[in-house]
Amino acid sequence: MTDLQKWLPRGVEAINAWQDAYGAFDQHPSLVVSDEVLGKAFNELTERLRDNYPFGHPRYVGQMLKPPHPAAILGYTTAMLINPNNHALDGGPATAQMEKEVVARIATMFGFEQHLGHLTSSGTIANLEALWAARECHPGKRIAYSVDAHYTHSRMCQVIGVEGVPIDTDGSGRMDLGALEQTLASGTIGTVVATLGTTGLGAIDPLRAIVDLSRAHGARVHVDTAYGGFFSLIADDSPDGVSSEPFAAIRDVDSVVVDPHKHGLQPYGCGAVIFSDPSVGRFYVHDSPYTYFSSDELHLGEISLECSRAGAAAAALWLTLEVIPLTDAGLGQVLRANRRGALEWQRLLNSSDDMTAFQPPELDIVTYFATRDRMSTIDAASKALFYAAADCDPSEQIHLATYTVKGRDLAMRGHEVEHDSATARIMRSTVMKPESEAHIPAIHARLRKLSRE
Ligand SMILES: *Cc1c(COP(=O)(O)O)cnc(C)c1O
């Protein structure tokens, strides 16, 4: 394991050495804190932080959560000692350059020949920018997204004053092409949002067909791969890869969003939006009398809606991608292990009578429920499983998450259960740590046993 106890002090040393060249100075008395005072507060902090779930442990298979890679922590912390602001080259020339480099690598991963893009503080902000540019391109037109798209799309449509149109999904949780075509035929849609890796099920919208249909109706295409984007690295139809066709179609869209803070091993505060047509930069034009004076080169603040942003986030991603590059042999190996874990879990579910797979995983999100004949009892069993799996010694706990489905969702997937309630919770496990793969058989066996109790 990368030893942060060894590497973090090296970051402190390197930045101190650089700073020393400017001459020593004393810290102002107002900022001086004794070790005793800091120690007391720090002890309380570390104590309070114990009130958490073990996101980094292989037996945490719940939400999309995990700690950053040590290289990201080292890069972030070291750069944060300077605290550069990537809004402008005046605020952080080195990290702004790193941001341009990592964004170019992501654009290359997606197959873009040219691009304009930048990091953001989240997928939400990245999607907001893409929808806002979409509105500027097609003023007065509506924006369509599937009912399983992230809620941010309907919410951001409200924010930018555009009518959003939800499109039904099919029995795999993918955007229904017939429903999309009908909506496009109205001539009122300016932009279609496709999702590769829905947040709930990890479903992959059929992007190739969505691009073709949208183009035929003169609509833009934005693809939200906040969760699934990095699976591009293993989109080769191999046994532990993912489907190639939708990922290959990303190169033909107008904008794409990906979250390095989800599958890119980064700490929170790292999303990205990338446009395939750099001329959208015209929408961002603004005047800033406070900044942009140090260079005529492009300042990132000139092409982003956010102003201040952590240069440390760019340093973290840059250092990570230097050691775990955006290749099949690099980050791809992390994703393949996750994928194998998810497929193994699915295989085990399919061979057990007491557990039922909701649908096959297209990425690394596994959905399942304790086999019951009514929605109300499925819901009760899910709730019980969620608590029972974590109600034991920490060394054995399994941490899960639930997902709410409707009767129609169950019926469309061939699950014949009585619809005695409108919704039911099922289990949703994100297998996003490569270390989980080896634990899947034991996790499944424990959950089976608990679901019978
Ligand atoms: C997580 C997610 C978002 C929101 O991104 P944040 O980084 O949480 O703001 C948007 N779309 C999809 C598909 C996501 O999975």
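# A walk through the model

At just 1% relative accessibility, Thr 367 counts as buried. Select Thr 367 to begin, and keep in mind that this is a predicted model.

**Stop 1: Thr 367 and what surrounds it**

Show the ribbon around Thr 367 and you'll find the residue in strand β9, which runs over residues 365-370. Now bring up what Thr 367 touches, leaving out residues up to four places away in sequence. You should get Gly 200 and Leu 201, then Thr 356, Ala 357, Phe 358 and Gln 359, and finally Ile 426, Met 427 and Arg 428. One of those names, Gln 359, is where we go next.

**Stop 2: Gln 359**

Click on Gln 359, which lies in strand β8 (residues 355-359). Is Gln 359 buried or exposed? With a relative accessibility of 6%, Gln 359 counts as buried, because the cut-off for that word is under 20%.

Turn on the side chains here. Which side chain does the side chain of Gln 359 make a polar contact with? It's the one of Arg 413, at 2.7 Å. There's also the backbone oxygen of Ser 172 to look for: a polar atom of the Gln 359 side chain sits 3.1 Å from it. If you want the whole neighbourhood, setting aside residues within four places in sequence, select Gly 171, Ser 172, Gly 173, Leu 201, Gln 346, Thr 367 and Arg 413, which are in contact with Gln 359.

**Stop 3: the two domains**

Zoom out and colour by domain. The domain assignment gives domain 1 as residues 78-323 and domain 2 as residues 331-452. Taken over C-alpha atoms, the centres of domain 1 and domain 2 are 30 Å apart. How many residues of domain 1 are in contact with domain 2? There are 33 of them, and they meet 22 residues of domain 2.

**Stop 4: the ligand**

Next, click on the ligand and show the residues around it. Which of the 14 residues around the ligand come nearest? They are Thr 124, Asp 224, Asp 259, His 261 and Lys 262.

Try a few distances by hand:

- From a nitrogen atom of the ligand to an N or O atom in the side chain of Asp 224, you should read 2.6 Å.
- From an oxygen atom of the ligand to a polar side-chain atom of Lys 262, the distance is 2.8 Å.
- From an oxygen atom of the ligand to a polar backbone atom of Gly 123, the distance is 2.8 Å.

Switch on a surface to see how the ligand is covered: on its own the ligand exposes 380 Å², and the protein buries 88% of that.

Now colour the shell around the ligand by residue type. You'll count 9 polar residues, 3 charged ones and 2 nonpolar ones. Which element gives the largest share of that shell? That would be α5, with 3 residues. Both α5 (123-137) and α10 (260-263) supply at least two residues each to the shell.

**Stop 5: two backbone oddities**

Leave the ligand and select Asn 83, in the loop between α3 (70-80) and α4 (93-109). Asn 83 isn't a glycine, yet it has a positive phi of about 60 degrees. Its relative accessible area is 55%, so Asn 83 is exposed.

Then jump to Asp 237, in the loop between β5 (220-224) and α9 (244-248). Here again you'll find a positive phi of about 60 degrees on a residue that is not a glycine. Asp 237 has 51% relative accessibility and counts as exposed.

**Stop 6: Ala 388**

Move to helix α13 (residues 375-390) and pick out Ala 388. Its relative accessible area of 29% makes Ala 388 partly exposed. Apart from neighbours within four places in sequence, Ala 388 is in contact with Arg 446 and Leu 450. Draw a line from Ala 388 to Asp 259, C-alpha to C-alpha: it spans 32 Å, with their positions 129 residues apart in sequence.

**Stop 7: Pro 54**

Our last pick is Pro 54, in the loop between α2 (35-48) and α3. At 36% relative accessibility, this residue counts as partly exposed. Not counting residues up to four places away in sequence, Pro 54 touches Tyr 60 and His 399. For one more distance, pair Pro 54 with Thr 404, which is 350 residues away along the chain: their C-alpha atoms are separated by 23 Å.

Methods. Residues numbered from 1 in each chain as written. Predicted model: local features only at pLDDT ≥ 70, side-chain atom pairs only at ≥ 80, totals over all residues. Heavy atoms only, no water. Near = heavy atom within 4 Å. Polar contact = N/O pair within 3.5 Å; in protein donor to acceptor, adjacent residues only side chain to side chain. Areas by Shrake-Rupley, 256 points an atom, 1.4 Å probe, with all protein chains shown as cover. Helix = DSSP H or I, 4+ residues; strand = E, 2+ residues; numbered from the N terminus. Nonpolar A, V, L, I, M, F, W, Y, C, P; charged D, E, K, R; others polar. Buried < 20%, exposed > 50% of the residue type's maximum accessible area, 1.4 Å probe, protein only. Contact = heavy atoms within 4.5 Å. Domains from an automatic or database assignment.
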